[in-house]
Amino acid sequence: MHIIELIKALILGLVEGATEFAPVSSTGHMIIVDDMWLKSSEFLGKYGANTFKVVIQLGSVLAAVVVFKDKFFELLYLRKGEVRKGPRLTLMHIFVGLFPAGVLGVLFEDYIDEHLFSTKTVLIGLVLGALLMIAADRFGKRTVAQTVDDITYKQAFIVGLVQCLSLWPGFSRSGSTISGGVLVGMSHRAAADFTFIMAVPIMAGASAISLLKNWQYITFDALPFFVVGFISAFIFALITIRFFLRLINRVRLVPFAIYRIVLAAVIYILYFA
């Protein structure tokens with residue numbers, strides 16, 4: 001495989017890792033960067049390019065597992081030592097939060113893939129998601145869940161309902177769920193932690209199913225491209241998650257919302273005006 005193609009894999013992994021867990025829409029950035037610039041489908045084929053995006057998403061998933069490994073051990077009762085007293089995050093919270101978007105995603109997967117994955121729909125998602133984030137910072141309830149262990153089942157379910165918006169490309173899973181959490185009384189950090197923990201099973205499950213369907217596209221010739229993209233996504237996702245979690249309670253969501261609106265405006269002017 002040509003060195004230029006490996007550089008493209010590195011760039012796409014960077015884009016995926018840097019945007020998957022920030023509230024700016026990784027799908028939107030991947031569509032814009034790949035479809036409008038790098039065009040990996042030209043040398044991987046349409047389904048090979050889609051499979052590549054699934055593989056590098058798994059790199060981001062692995063980064064989240066590393067960052068939240070202690071919480072996952074606790075959720076699965078694999079952690080040695082004293083059991084936490086008082087309220088705590090459970091697997092049922094995760095299930096309640098995942099259920100609404102999971103059902104809708106299964107029902108409308110084909111329609112979303114065929115009709116919503118375009119640059120124009122991403123621009124719409126970027127702007128509408130930004131408005132939701134601004135509304136969350138402006139109208140969010142008084143904080144009653146300071147940490148992820150304070151989240152109630154009701155809060156988890158409402159966040160799950162708001163997460164359904166992220167089925168529209170460009171809306172952003174983390175942007176919608178963090179906004180939903182803030183609107184129902186979670187701190188920004190608690191909402192972010194819940195979002196990232198909840199993302200692992202849904203992203204890993206969706207990626208595994210997609211890989212099983214398209215395993216034949218990971219050929220020996222294309223393997224270096226997939227490996228470079230996976231490693232790149234893992235490294236940059238690891239950096240982004242840790243940086244974002246230190247930052248979110250201080251800056252909140254409005255700066256990310258402004259970035260999304262500016263990005264949408266620039267892309268519209270460059271390619272559609």
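**Note on helix packing, nonpolar cores and two loop residues**

1. Helix α2 passes helix α7 in a left-handed crossing, that is, the near helix is turned anticlockwise from the far one by less than a right angle. The contact (heavy atoms within 4.5 Å) involves Gly 28, Ile 31, Ile 32 and Met 36 of α2, together with Thr 119, Val 122 and Leu 126 of α7. By class, five of these residues are nonpolar, two are polar and none is charged.

2. This is a predicted model, in which local features need pLDDT of at least 70 and side-chain atom pairs count only at pLDDT 80 or more, while totals for chains, interfaces and linings use all residues. Residues are numbered from 1 along each chain as its sequence is written, and side-chain values use heavy atoms, without hydrogens and water.

3. The largest nonpolar core (buried nonpolar residues of the set Ala, Val, Leu, Ile, Met, Phe, Trp, Tyr and Cys, joined through side-chain atoms within 4.5 Å) has 45 residues, of which Met 186, Phe 194, Ile 241 and Phe 244 touch the most other members. Helix α10 (residues 188-213) supplies the largest share, ten residues.

4. Beyond its neighbours within four places in sequence, Ile 241 is in contact with Phe 21, Ala 63, Ala 64, Val 67, Phe 68 and Phe 196. A second, separate core of 16 residues includes Leu 38, Ala 222, Phe 225 and Phe 226.

5. Ser 25, in the loop between α1 (3-19) and α2, has a positive phi near 80° without being a glycine. Ser 25 is buried (under 20% relative accessible area, 1.4 Å probe, protein chains only), at 2%.

Conventions. Helix = DSSP H or I, 4+ residues; strand = E, 2+ residues; numbered from the N terminus. Nonpolar A, V, L, I, M, F, W, Y, C, P; charged D, E, K, R; others polar. Buried < 20%, exposed > 50% of the residue type's maximum accessible area, 1.4 Å probe, protein only.
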